[in-house]
Amino acid sequence: MRYLALAADYDGTLAHHGKVSDSTIAALQRLKDSGRKLLMVSGRELPDLAKTFDHFELFDRMVLENGALLYNPATREETVLAEEPPPQFVETLYARGVSRISVGRVIVATWEPHQKEVLETIHDMGLERQVIFNKGAVMVLPSGVNKATGLTAGLLQLGLSPHNCVAVGDAENDHTFLSAAECGVAVSNALDVLKERSDWVTNCDHGHGVEELIDQLIKDDLAVLNERLKRHGILVGKTATDAERRLDPFGVNLLIAGSSASGKSTVTTGLLERLQSKGYQFLIVDPEGDYSTLKGASVLGDVTRAPLVEEVLDQLKNPTNNVVVNLLGIPLDQRPAFFDSLLPRLQAMRIAKGRPHWILVDEAHHLLHAQWKPAEQTLSGQSMGMTLVTVHPESVSKSALEKVNAAIVLGERPDKTLTTFCAAVSHPLPLVPQQLNRGDVLLWEAGRDEVAVVHTEPPKNERRRHSRKYAEGNLGPDRSFYFRGPEKKLKLKAQNLAIFQQLAEGIDDETWLFHLQQGDYSAWFRESIKDEELAAEAEKIEATELSAEESREAIGAAIGKRYTLPSEKATGHEEKVEAAKAE
């Protein structure tokens, strides 16, 4: 389900003239029976509400005092979410002739036309308080406290995200929590300004409008409203006509494919950054350590330690946590099995909590390879937020590719890459260009006749790709550098940049210059390290007449500018070379 919770205002929404009808109570029970959570979000104080409403048991949480108090009906526990008012404030209001004052745990409320005295008292006492108006009521609360902050606190206690919640209200003070929810609904009797800013307006008023909403939730999980929720779209970029192209953060199963070093990680990082800014939770399965420096995410596992499935799930319990699962500590041939054990647990969490909203699988051709037997079972029912990043779409499990409904293709000959994908899943291939300008991608979406050329929005925070992996990790035998010398007598293996630097300092000049003159260093940086800038700088050094010592220093400086290598241990060059030989 997309919507696991309904948050409803009380007066004017659930209630009409302070009372909730029997039919609305029955609808609330139907919602509970569907497995969803129910929250009330009201400006009322707890004792006052208890006098008029006697069905507290229906609600999993009650956000009262306009977001300042959280109440759990099951345990009767009250959680005060803000600073209580100073006694002198209320005394001063009375002294200035303000009548009908109501004081809660945090809120102080009165009625118009006393807003002038309230504002003057706040100013004269130097208080950091805000005034919220609601149908003639004048509510005083600490700055930053509103129904949205209270709703977020209530959902957090339930392990839910606002992106899995639909909110319904009718008045001025409902703006914030309707905006915070994934879907904001106004009942038909709501203020016009609230209707204008809502995702949907019910046909019926008050509690009958809530009943209408509940029936639609149970019927199709509000799928009928999906096209209206454009405000949540994740920006990919703009077309040549300056039209924005966005992806649905829930409905998309995305393929990001392109040649090596084509910019897939840059595009992916930009999408993740924008997901994070909107509060969606993501999880990255990272076989190569590509995302170990991604801001705003917890990294589990590294080159020395394998991540555990249980610690991944524990981190995801908080809806505000994003997680990178680094697989460098797991042997290459065991990574698909780890992913196979993790994915069903993530799917179970999505059923229970609706999160993580996006699961991104890097090197998908390895983890979801064509012969992967469990793929059919573990991907069944997958309908939201799966992103596959790969150089080889033809090598990805067909059962995974068949669920893809959008693709971002880039790099050399994007037409061939898209043709490969379309052939694998029997999609008709639209006419596409053979070449792209720098920063451009092809955006294919199921149901559209054309493929758009989109100039991508770059990430705001650039990061050094793969720095930890390439500096300290193990690239494996196929991607390591081997110092062999002109007569091929040596076989000194450098499985990362740190060992490359160590061996470079210890080998003889003839061997060093042999590889330099062959262009082997720039080729390794480009093909295995996948760092075009480093490769280009190495090419310049290789083309310059330098001594062995000068070129060693120049190559070392180029590496040092881009990567932080681990500190050298106090061992001589000979010991390093001997260790490499032994390996």
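Of the 583 residues that make up the protein chain in this predicted model, 54% count as buried. The accessible surface of the chain comes to about 25800 Å², and carbon and sulfur atoms contribute 49% of that area.

The C-alpha trace spans about 95 × 55 × 45 Å along its principal axes, and the secondary structure of the chain consists of 22 helices together with 25 strands. When contacts with a sequence separation of 6 or more are considered, 64% of them join residues that lie 24 or more positions apart. As for charge, the chain carries 65 positive and 84 negative charges, whose mean positions are 2 Å apart.

The following table collects values for the whole chain.

| Property of the protein chain | Value |
|---|---|
| Buried residues | 54% of 583 residues |
| Accessible surface | about 25800 Å² |
| Span of the C-alpha trace along the principal axes | about 95 × 55 × 45 Å |
| Distance between mean positions of positive and negative charges | 2 Å |

At the level of a single residue, glutamate 83 can be placed in the loop that runs between strand β5 (77-80) and helix α3 (87-95). Glutamate 83 counts as exposed because its relative accessibility is 60%, and the cut-off for that class is over 50%. Leaving aside residues up to four places away in sequence, glutamate 83 touches Val106, Arg129 and Pro142. For one of these partners, valine 106, the separation from glutamate 83 is 23 residues in sequence, while the C-alpha to C-alpha distance in space is 6.4 Å.

Definitions and conventions. Residues are numbered from 1 along each chain as its sequence is written. This is a predicted model: local features need pLDDT of at least 70, side-chain atom pairs count only at pLDDT 80 or more; totals for chains, interfaces and linings use all residues. Side-chain values use heavy atoms; hydrogens and water are left out. Helices (H or I, at least four residues) and strands (E, at least two) are DSSP runs, numbered from the N terminus. Buried means under 20% relative accessible area, exposed over 50%, partly exposed in between (1.4 Å probe, protein chains only). Contact means heavy atoms within 4.5 Å. Accessible areas come from the Shrake-Rupley method with a 1.4 Å probe; for residues, only the protein chains shown count as cover. Lys and Arg count as positive and Asp and Glu as negative; His and the chain ends are not counted. The place of a charge is taken as NZ of Lys, CZ of Arg, CG of Asp or CD of Glu.
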